[in-house]
Amino acid sequence: MAQSTPVTILLATCNGEAHLQSQLESIARQDHGRWQIIASDDGSEDATPAILEQFAQRFSGRVQLIKGPQRGMAENFISLLAQASEGPVAFCDQDDVWLPGKLSRALSAIGSEVRPVLYGCRTERITAGGATLGLSPLWRRGPSFGNALVQNIIGGHTAVMNAAALRLMQEAGRNIRVPFHDWWAYQVISGCGGRVIVDPAAMVRYRQHDGNLLGASRGPAARLRRLSMMLSGNFAPWFGQTEVALGAIRPMLTPAASDLLDRFSELRRTPGLGAARAVLAGGIVHRQRRIENLALALAAARGLI
């Protein structure tokens, strides 16, 4: 996509005064200068609205401020998708920092494809104070619908979608309840015949702090936490929600994805050794890491997926 392509940035905020200004300044420094922001605030009780107002005054006509639905982050972002009139669009968290070439690199990767395209990239994890912690994982197995059913590898804070993907998400997002907006985008676009790009370059500084819902997946502690959640059945309600949501848009899925969804549903309802073997065989669903796949297989055997 050309430098002249306008990008709509979908920014969800809620009590983000601590880091919001840094994120806004990183948007202002983008080398792709044609952007506009729709900022949806979910009832902030701190200085977040004032920070947004000041930024809107500074960039007159380029920042639209709206009230969020106040039903959580996922619904705030999904409601933002409905507000965008054209693509491409970029999800934006309130507490990260975009590197200057973030938008231009995403648009270049998406190119001029007419089918739905979802772009995501690696991130540089940073502390609340901005100190570097390391890079997010490089997912070597790549994106697929079978992976999307049980794992999200596209962080919403990195996601950019072309116009076709925006239209697809708007159609899929009506009256949908899902646990995570970015995971939903990965599932919908991979399941409906779109292209998912995982850029190995880190173009976002991803801030880790107590307010992160899940945080980064890098490091022994993060891996242990996810394994524990999986083996405790914590993922099962999320799988159930997305199974229902994907069932509601079944006519939009490719035949292969629809068949895979049926097989996943059967897998969830028939625990035991056969379910574990089916996961390990990799023909239905899989996670990116071998140890997490083993944990998923054990959870499937115990009826916890």
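In this report, two residues are in contact when heavy atoms of theirs lie within 4.5 Å of each other. The structure is a predicted model, in which local features need pLDDT of at least 70 and side-chain atom pairs count only at pLDDT 80 or more, while totals for chains, interfaces and linings use all residues. Residues are numbered from 1 along each chain as its sequence is written, and side-chain values use heavy atoms, with hydrogens and water left out.

**A loop with a cis peptide bond**

Leaving aside neighbours within four places in sequence, Glu86 is in contact with Pro6, Thr8 and Leu166. Helices (H or I, at least four residues) and strands (E, at least two) are DSSP runs numbered from the N terminus, and Glu86 is found in the loop between helix 3 (73-83) and strand 4 (89-92). Buried means under 20% relative accessible area, exposed over 50%, and partly exposed in between, with a 1.4 Å probe and protein chains only; Glu86, at 42%, is partly exposed. The C-alpha atoms of Glu86 and Arg167 are separated by 8.2 Å, although these residues are 81 residues apart along the chain. Pro88 also lies in the loop between helix 3 and strand 4, and the peptide bond that leads from Gly87 to Pro88 is cis, with omega near 5°.

**Positive phi values**

Most residues other than glycine have a negative phi, and most peptide bonds are trans. The table lists two residues that are not glycine and have a positive phi.

| Residue | Phi | Loop | Relative accessible area |
|---|---|---|---|
| Asn15 | near 50° | between strand 1 (7-13) and helix 1 (20-28) | 41%, partly exposed |
| Gln70 | about 60° | between strand 3 (63-67) and helix 3 | 55%, exposed |

**The nonpolar cores and helix 7**

A nonpolar core is a set of buried Ala, Val, Leu, Ile, Met, Phe, Trp, Tyr and Cys residues joined through side-chain atoms within 4.5 Å. The largest one has 64 residues, of which Leu118, Leu149, Met161, Trp184, Phe264 and Val285 touch the most other members. Its largest share, six residues, comes from helix 7 (residues 181-191). Apart from this core lies another, of 30 residues, including Leu20, Trp35, Leu52 and Ile197. In helix 7, 11 of the 11 residues are buried, so the helix is largely enclosed by the rest of the structure. Beyond its neighbours within four places in sequence, Trp184 has contacts that include Ile78, Met169, Ala245 and Leu246.

**Helices with a buried side**

Which residues of helix 11 (residues 273-281) are buried? They are Ala275, Ala276, Ala278 and Val279, and, seen down the axis of helix 11, they fall within an arc of 160° (taken from the directions from the helix axis to the C-beta atoms), so they line one face of the helix. These buried residues pack against helix 10 (255-269) and helix 12 (290-301), whereas the face turned away from the buried side carries the exposed residues Leu273, Arg277 and Ala281.

In helix 4 (residues 102-110), the buried residues are Lys102, Leu103, Ala106, Leu107 and Ile110. They cover an arc of only 120° around the axis, which puts them on the same side of helix 4. An α-helix has 3.6 residues a turn, so residues three or four places apart point the same way. Helix 4 is followed by Gly111, whose phi is positive, near 65°, and helix 11 is followed by Gly282, with a positive phi near 80°.
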